[in-house]
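Colleague: Could you walk me through this one? I would like to hear the reasoning behind each label.
Modeller: Happy to; let us have it in front of us first.

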Amino acid sequence: MNDSMKEHWDEIYEALDADELTWYEEIPESSIKLLSKCHINKDESILDVGAGASTFIDYLINQGFTNIIATDISEIALSKIKERLGNEKASLVRWIVDDITQPVHIQNLKDIAVWHDRAVLHFLLEENQQQMYLSTLKKVVKKGGYVIIAAFSLKGAKKCSGLSVKNYDQNMLAEFLGKDFSLLDYFDYTHYMPSREPRPYVYALFQRNQ
Ligand SMILES: C[S@@+](CC[C@H](N)C(=O)[O-])C[C@H]1O[C@@H](n2cnc3c(N)ncnc32)[C@H](O)[C@@H]1O
């Protein structure tokens, strides 16, 4: 676990309510749109990497998905979702505090049907961090499984919450994942922060080849 990163994110989640975060979405419509293109059953596993305090988890529960795994480096972030959901709904989710660049628990998962990452990969600036992310993804996502990645686009911000980011387009994401993954769909999407300033993202959906 990268302790300084954990502290960084814990401090942010401690200081702000979920709906004050610049990346907060009341309805995660672009993630929902790409998830709707994944042909999966409600009992197949969906892993949200760096879930933070995301309402995507609420959406999945409300849609009746029964195998939801939420992970984040920040325990405080995940506790915000748990609080919002209440005990009954929170007990339907598997919660994992882990660092995707030094995973201890995530890499023991298997047969993940959907890997969902909104605004996490772009924080990984070092080659070894990106490679650990990729090798973990390849270890846990099943053949025929899906990968949804949303990152700041090439015309997007260069920093978020005080950290530098790497900007992507769909081709860079395809190159990063490599030839085992096919690009099924992608689009640009502008998220508006609570301040109403725009934050351009690229969203991409991949499928792991059989
Ligand atoms: C910009 S937020 C996005 C949160 C969420 N995906 C969403 O869309 O609302 C980035 C998230 O990535 C988490 N994160 C950053 N580095 C991480 C790492 N190395 N391993 C796991 N999570 C990480 C942060 O704690 C934070 O919750």
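**Fold and ligand site**

Colleague: What makes the radius of gyration of the protein agree with a compact globule?
Modeller: This is a predicted model. A compact globule of 210 residues would have a radius of gyration near 17 Å, and the protein has 16 Å, so the value agrees with the rule. The C-alpha trace spans about 45 × 40 × 30 Å along its principal axes, and the secondary structure comprises six helices and nine strands.

Colleague: Why is the pair between Asp72 and the ligand called a polar contact?
Modeller: The cut-off for a pair of N or O atoms is 3.5 Å. A side-chain N or O atom of Asp72 is 2.6 Å from an oxygen atom of the ligand, so the pair counts as a polar contact.

Colleague: How do you know that Ile73 and Ile100 qualify, too?
Modeller: Here backbone N or O atoms are involved, each paired with a nitrogen atom of the ligand: the distance is 3.3 Å for Ile73 and 2.9 Å for Ile100. Both values are within 3.5 Å, so both pairs are polar contacts. As for cover, the ligand on its own has 590 Å² of accessible area, and the protein covers 97% of that.

Colleague: What makes up the shell around the ligand?
Modeller: Nine nonpolar, four polar and four charged residues. Of the 17 residues there, Tyr13, Gly50, Asp72, Asp99 and Arg118 come nearest.

Colleague: And which pocket does the ligand take?
Modeller: The ligand occupies the largest pocket.

Notes
Residues numbered from 1 in each chain as written. Predicted model: local features only at pLDDT ≥ 70, side-chain atom pairs only at ≥ 80, totals over all residues. Heavy atoms only, no water. Near = heavy atom within 4 Å. Polar contact = N/O pair within 3.5 Å; in protein donor to acceptor, adjacent residues only side chain to side chain. Areas by Shrake-Rupley, 256 points an atom, 1.4 Å probe, with all protein chains shown as cover. 1 Å grid on protein atoms, 1.4 Å probe; cavity = no way out; pocket = protein on both sides within 12 Å on 5 of 7 lines; lining within 4 Å. Sits in = over half its atoms within 2 Å of the grid points. Nonpolar A, V, L, I, M, F, W, Y, C, P; charged D, E, K, R; others polar. Helix = DSSP H or I, 4+ residues; strand = E, 2+ residues; numbered from the N terminus. Rg over C-alpha atoms; globule rule 2.2 N^0.38 Å.
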